[in-house]
Amino acid sequence: MSKSRGPGASSPVNGKQGNDWDTRRKRKIADITHALSASPVDVAALRRMAISEGGLLTDELRCQVWPRLLNVPPHVLEQEPETVERENNKDYNQVLLDVQRSLRRFPPGMPDEQREGLQEELIDIILLVLKRNPQLHYYQGYHDIVVTFLLVLGERLATALVEKLSTHHLRDFMDPTMDNTKHILNYLMPIIERVNPEVHDFMQQAEVGTVFALSWLITWFGHVLSDFRHVVRLYDFFLACHPLMPIYFAAVIVLYREEEVLECECDMAMVHHLLSQIPQDLPYETLISRAGDLFVQFPPSELAREAASHDSTAASTFKDFDLASTQQRPDSVLRRRRRQKQAALERSAANAVVVVARPSAARRFVRLAVMGLTVALGAAALAVVNTALEWAPKLNFFP
C-alpha cells in the first residue's frame, strides 16, 4: 500500500514553477535520506523536513521517517501483530460499526475485496492497541487516525506507530471522559483572540462554542478532509510537533475564514454550520506555516490560564517524549560522546548568556528552527537561527 502519492496539491506542477518544485523536491528527498542515514539519525532535521513545504513527499519516506518522529525502536517495528480475540470484546461492536462506515477513507476505485481486507486489519489494529493498553478507551473518530497509518504503512508498522501515538499525542482523547479533550478545545478561542479580537468577539456573541472543531481535533482532520494527500501532509506536520499543534491549526482555519465568519448572521446555529463545513481547497502550506508561527508567538504555557481547568496529559509529558526521540542511539560510548558535547555547549553558553537570553525575537527564531519552520524566514533571520542553534539544548522549546 505504500505507494508514492507525488507532491501535495499545493505544489506547483506547471512551467518554470514546476521545474523549480521538481528541483526542490529532489533536494529535499536527498536531505531526508541523508538525515536517515546519519549516526545517530538526525531527528531534528527530519522534523524540519516533515514541517517544511511538501512534508515528507512520499509514503515510502513516511514509512522510514514516521517511526523516527515517534521514536519507535526497530525491534518493535519488526514484531508481527498478534491475534486479537474479538468475541466478548467490549469495544468490538462499536469499532466494527465505525469501520463499516469508513468506506470513503479508502482510495476511490479500490477493489471491494482489498478494501474489506484492510477493514479487517483496521479492526485488529484498534483492538490490539486497546488490549495492550487497558488504560486507553476507544472513542469514535479514533479509527479515522488508524486508517491513515494503515494505508501509509501497512498493518505491522501501523500497529507499532498507532500504539505509540495513542499513549502520547492522542492520550488525552482516550480517557474515560471527555474532560481532557474539552480542555484542549479550550485553547481555540484564546488563540483566535490573540490574533483577531473581532472574530473572537463575534464568535463569543454568537455563543458558537468550540464543538464545531471537535471532529477536526480528535481525528487530526482525517474525518473532514476528502483528499488523502492533504491528510498525510497534516500528519507529517503534527507528528513532528507538539501534541497541541492540531488546535493551533484549527485556529488558523477559522482565522483564514475571517470574512465568511463576520459576514455570517450572528446566530449560534448559523455560525456553527458555517464553521463545521470545512473547505477542501485550503492553502495548506500557508496554514501550516501560520500555525507554527502562532505556536511560537503564543505557546500553550501562555494560554494555559485561559484554557485550563487541568493539565493536558499529552502536553505535560511531551518534554520527556521529545527528549527520548532525540536520543535514538543505544550505544553507550556514543551516548557518552553526546554528554561530553552537551557539556561543551553548556560551557559555551555560559560565556555567551547575553546572546541567548537577550531578545524574545531571537528565542522565537530558535524555536522556529527546531520546529523546522524556517521556510518563511529571510536570510538575516536564518543567520540568527544558525547562531542560536548552538545553544539549542539549553532552551525550552516546547512549553
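Okay, let's start with a pair of charges: the side chains of E285 and R233 meet in a salt bridge, at 2.8 Å from N to O. That contact links distant parts of the chain, since E285 sits in helix α17, residues 284-297, and R233 in helix α13, residues 228-239, which puts the two 52 residues apart. And where do E285 and R233 sit, buried or exposed? Both E285 and R233 are buried. Before I go on, keep in mind that this is a predicted model.

How many salt bridges are there altogether? The structure holds 18 of them, and I'll pick out a few.

Next up, R86 and D124. These two form a salt bridge as well, with the closest N and O atoms 3.0 Å apart. R86 is in the loop between α4 (74-77) and α5 (92-100), while D124 is in helix α6, residues 112-132, so this pair ties together parts that are 38 residues apart in sequence. As for how covered D124 is, its relative accessibility is 23%, so D124 counts as partly exposed.

Now a local one. R62 and D59 have their side chains in a salt bridge, 2.9 Å from N to O. Why are these two separated by about one helical turn? Because R62 and D59 are three residues apart in helix α3, which runs over residues 59-69. R62 and D59 are both buried.

Then there's a group rather than a pair: E82, K131, R132 and E163 are linked in a network of salt bridges. Hang on to E163, because that residue takes us to helix α8, where E163 is one of the buried residues.

So, helix α8, residues 155-166. With 12 residues at 1.5 Å a residue, α8 should span 16 Å, and its end C-alpha atoms are indeed 16 Å apart, so the two agree. How much of α8 is covered? It's mostly covered, with 10 of the 12 residues buried. The buried stretch takes in L157, A158, T159, A160, L161 and V162, then E163, K164, L165 and S166. If you have the structure open, have a look at E163 and K164 there, both on that buried list.

Last bit, the annotation. UniProt, in an unreviewed entry, places the feature "transmembrane region" at residues 237-256 and 368-389. What does the model show over residues 237-256? The chain there is 75% helix and 0% strand, and the end C-alpha atoms are 18 Å apart.

That's what I had, thanks.

Technical notes:
Residues numbered from 1 in each chain as written. Predicted model: local features only at pLDDT ≥ 70, side-chain atom pairs only at ≥ 80, totals over all residues. Heavy atoms only, no water. UniProt positions renumbered as here; feature names shortened; annotations may be inferred. Helix = DSSP H or I, 4+ residues; strand = E, 2+ residues; numbered from the N terminus. Expected span 1.5 Å × (residues − 1). Buried < 20%, exposed > 50% of the residue type's maximum accessible area, 1.4 Å probe, protein only. Salt bridge = Lys/Arg side-chain N within 4 Å of Asp/Glu carboxyl O.
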